[in-house]
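User: Hi! I'm new to this one, could you walk me through it?
Analyst: Happy to, let's look at it together.
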Amino acid sequence: MANKFREKPIEEQPTPKPDEPKTPVAEESTEVSDMAEEPQSSEGNKRARTVAKVLGGDILADQMVLKQIPLLLLFLGCLLVVIANRYNVEKISRDKQETEVRINFLREHRIQMQKQYQQSIKISQIAEDLQEMGVGITAGPPYEIEK
């Protein structure tokens with residue numbers, strides 16, 4: 001993995017001897033102008049280094065990212081719980097709709113059965129059924145048949 005901070009190697013400058021004069025001022029001015037141009041080119045290098053870090057995976061080894069791993073795991077766990085809950089709610093909703101359809105069908109069936117029962121227990125219907133069987137309705141109270 002690449003280092004987070006890359007420093008330029010320090011060029012060793014010869015220590016001046018006491019007899020030698022110091023470096024001329026003209027050389028210092030060129031170094032200053034070189035420094036002024038450097039940030040412009042380093043911005044492009046920073047972007048290139050950042051892209052290289054992302055593609056190479058070095059950014060995942062960064063200490064700041066490593067500290068956030070428990071938070072990311074918590075976030076992913078919560079996301080899984082939300083997805084599972086949504087699936088469960090949709091399943092319950094489908095079951096509820098199927099149950100409502102079945103309840104409506106059974107309610108209609110019960111009403112039809114009640115109508116048929118009420119129709120069959122009417123006195124006139126019972127009398128007609130007895131007439132067909134050859135038994136008539138008596139006008140008096142019931143009595144016991146002797147043998």
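User: What pattern does the protein chain follow along the sequence?
Analyst: Reading along the sequence, you get α-α-α-α. That fits the count of four helices and zero strands. Keep in mind that this is a predicted model.

User: And what share of the residues count as buried?
Analyst: Just 1% of the 147 residues in the protein chain. The chain exposes about 14800 Å², and carbon and sulfur atoms supply 60% of that.

User: Which residues form the nonpolar patch on the surface?
Analyst: Leu66, Ile69, Leu73, Phe75, Leu76, Leu79 and Ile83, which together have about 660 Å² of accessible area. Helix H3 gives the largest share of the patch, with six residues.

User: Let's pick Phe75. Where is it found?
Analyst: Phe75 sits in helix H3. It counts as exposed because its relative accessibility is 53%, and the cut-off for exposed is over 50%.

User: Changing topic: how many salt bridges does a search of the whole structure find?
Analyst: The search turns up one. Arg86 pairs with Glu90, and their closest N and O atoms are 3.5 Å apart.

User: Where do Arg86 and Glu90 lie?
Analyst: Both are in helix H3, which covers residues 69-120. They are four residues apart, about one turn of the helix.

User: Is Arg86 buried or exposed?
Analyst: Arg86 is exposed, at 59% relative accessible area. Its partner Glu90 has 36% relative accessibility, so Glu90 counts as partly exposed.

Key:
Residues are numbered from 1 along each chain as its sequence is written. This is a predicted model: local features need pLDDT of at least 70, side-chain atom pairs count only at pLDDT 80 or more; totals for chains, interfaces and linings use all residues. Side-chain values use heavy atoms; hydrogens and water are left out. A salt bridge is a side-chain nitrogen of Lys or Arg within 4 Å of a carboxyl oxygen of Asp or Glu. Helices (H or I, at least four residues) and strands (E, at least two) are DSSP runs, numbered from the N terminus. Buried means under 20% relative accessible area, exposed over 50%, partly exposed in between (1.4 Å probe, protein chains only). Accessible areas come from the Shrake-Rupley method with a 1.4 Å probe; for residues, only the protein chains shown count as cover. Patches are made of residues with over 30% relative accessible area and no salt bridge: like charges are joined within 9 Å, nonpolar side chains (Val, Leu, Ile, Met, Phe, Trp, Tyr) within 5 Å.
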